[in-house]
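Here is a walk through one protein model, going from its surface to its main pocket. Please keep the sequence and the structure in view while reading.

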Amino acid sequence: MNRSTIGGAMAPWHLWVVGIATLLFNAMGALSYTVTKLGMLAEIGMTPEQIAFMDSYPAWVSALWALGVWGALAGSVLLLLRSRLAVAAMLVALVGLIGTTVYNYALIDMPASMQAPALDGAIWGVTLFLLAYARSMRAAGVLR
């Protein structure tokens, strides 16, 4: 069976592919955030310079990072649950991503060892895609 019909419009097969793929991707961000907040950066191979950079984040930037990470993870989970709140969660994630991007690239001098333009591009791409996808699924009546 390609579609399920638990309330509302039928869920297309691609909802499950997008939901699971983005859940796995966003779980990596949640893991990174958790490892950082638990002070386990040396255990994953970060240098003292990199650890000092991560420890220097002001509380407001850390809060924005949390919004981005946990909002994106919630967006994926809510998409899989077929909840219209997936859109709101992705908007929260986007706010967090905008804030951390502005801080990292406009307000401070980020160490070269911490720059990862390909990863940053992937995070932006997945976030914007998931927001647009959740909005389209809500408009189609798939999310309830």
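Why does Ile98 count as partly exposed? The model is a predicted one, and in it Ile98 has a relative accessibility of 40%. Partly exposed covers the range between under 20%, which is buried, and over 50%, which is exposed, so at 40% Ile98 counts as partly exposed.

Ile98 is part of helix H4. On the surface, Ile98 joins Trp60, Val102 and Leu107 in a nonpolar patch. Together these residues have about 390 Å² of accessible area. H4 is the element that gives the most to this patch, with three residues.

Tyr103 also has its place in helix H4. With a relative accessible area of 9%, Tyr103 is buried, because buried means under 20%. Along the chain, Tyr103 and Ala118 are 15 residues apart, and 18 Å separates their C-alpha atoms.

The next topic is the largest pocket. Its volume is about 900 Å³, and 33 residues line it. Ser32, Trp65, Leu119, Asp120 and Ile123 are the lining residues that lie nearest the centre of the pocket. At least two residues of the lining come from each of helix H1 (13–37), helix H2 (48–55), helix H3 (59–80), helix H4 (85–107) and helix H5 (117–139). H4 gives the most here, with seven residues. By residue class, the lining of the largest pocket divides into 21 nonpolar, eleven polar and one charged.

Helix H4 thus appears on both counts: H4 gives the most to the nonpolar patch, and H4 gives the most to the lining of the largest pocket.

Note on methods: Residues numbered from 1 in each chain as written. Predicted model: local features only at pLDDT ≥ 70, side-chain atom pairs only at ≥ 80, totals over all residues. Heavy atoms only, no water. 1 Å grid on protein atoms, 1.4 Å probe; cavity = no way out; pocket = protein on both sides within 12 Å on 5 of 7 lines; lining within 4 Å. Points joined across faces, edges and corners; volume = space filled by probe spheres on them. Helix = DSSP H or I, 4+ residues; strand = E, 2+ residues; numbered from the N terminus. Nonpolar A, V, L, I, M, F, W, Y, C, P; charged D, E, K, R; others polar. Patch = residues over 30% accessible without salt bridge, like charges linked within 9 Å, V, L, I, M, F, W, Y side chains within 5 Å. Areas by Shrake-Rupley, 256 points an atom, 1.4 Å probe, with all protein chains shown as cover. Salt bridge = Lys/Arg side-chain N within 4 Å of Asp/Glu carboxyl O. Buried < 20%, exposed > 50% of the residue type's maximum accessible area, 1.4 Å probe, protein only.
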